[in-house]
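Grab a pencil and try these exercises on the structure below. Each task comes with a solution worked step by step.

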Amino acid sequence: MTTIREALEQGKALLTAMEPRNARLESQILLEHVLGVERSILYAYPERQLEQAQWKQYQALLERRQQKEPIAYLLESQEFYSLDFFVDRRVLIPRPETEILVESALQAIRQRLSSGVVPLVADIGTGSGAIPITLAVEEPRLSLLYACDISPDALAVARVNAQRHHVLERVCFLQGDLIAPLPEPVDILCANLPYVGTAEIPDLESDVYDYEPHLALFSGPDGLGLIQKMCKEIKEFGTLREGGEIFLEIGYRQGDVLTHLLQEIWPAARITCRQDYAGWDRLMHVAI
């Protein structure tokens, strides 16, 4: 039988060749997951023996990680805005940068609520549902949010997360292309659409390109195709109510060109760009 100490040593040795800096931490994370314990237990009981099934499961996860499969998919879990989201290869893994969009949207929502107006909110390209579910959890005064995605597989994952966080009755999931499924105009529209250009594929890490869904990553050569298409449709079909706002997550090199594109669509709009934690352009805010 293998002990916790031996399992961690073997896990670290296997992962060191792939990622020396994180090998020790990742071996601990995977063993915590297999055993269903806190990390302190690993230190407190290093001689505790793993059951045969646990050892086999741990080995299988290590082998998958050696192939650079993301930790979030191995655990089927990713923290976002202090909430735990179920994720698998049907959806993009939520990133910390997207929390900036949630923070900004929440501020706009609460400004409207403070004036006695309950805004109608929609999230386009919802994926795991991280954005609308977090908004619903953080602001219980929102009675309805729309969440759209072209992928029925992604919506299945999002529904699991909505149920997990007890907001399934308040988040309405709609399948279809961009804004097409929306049944009515909204006040606030959020979107973390694919914005990686196919020209950037050589720069992507293999754990992203090989495992995360390409439908959720790529949007034409420069990454702006879907954002531009959606914004034109919003203008054409009157998707935003008067005084509406759009919050867009964007690529770190897209701020200037996207500002120009959006000004062509909405010449009178107030368009601002917010940087992420690394100082890159990440959030585009359009106030119509």
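**Exercise 1.** Find out which helix gives the most to the lining of the second largest pocket.

*Solution.* Start with the answer: α1 gives the most, with five residues. Helices here are DSSP runs of H or I with at least four residues, strands are runs of E with at least two, and both are numbered from the N terminus. Before going on, note that this is a predicted model, where local features need pLDDT of at least 70 and side-chain atom pairs count only at pLDDT 80 or more, while totals for chains, interfaces and linings use all residues. Residues are numbered from 1 along each chain as its sequence is written, and side-chain values use heavy atoms, with hydrogens and water left out.

Next, look at who else helps: α1 (4-16), α2 (23-35) and α3 (39-44) each supply at least two lining residues. Among the lining residues are Ile4, Arg5, Arg24 and Tyr43. (On a 1 Å grid over the protein atoms alone, a pocket is an open set of points where a 1.4 Å probe fits, with protein on both sides within 12 Å along at least five of seven lines; lining residues have an atom within 4 Å of a point.)

**Exercise 2.** Work out the strand order of the open sheet of seven strands, and say why β5 and β8 each have one side without a neighbour.

*Solution.* First, read the order: β5-β4-β3-β6-β7-β9-β8, with mixed pairing. Two strands pair if DSSP finds at least two bridges between them. Then check the ends: β5 (171-175) and β8 (270-275) stand at the edges with a single partner strand each, so one side of each lacks a neighbour in the sheet. Now zoom in on β6 (residues 186-191) and β7 (residues 240-249), which run parallel and are joined by five bridges. Here Ala191 stands opposite Leu248 in β7.

**Exercise 3.** Which domains does the domain assignment give, and how far apart are their C-alpha centres?

*Solution.* The assignment, automatic or from a database, gives domain 1 (4-67) and domain 2 (88-287). Their C-alpha centres lie 36 Å apart.
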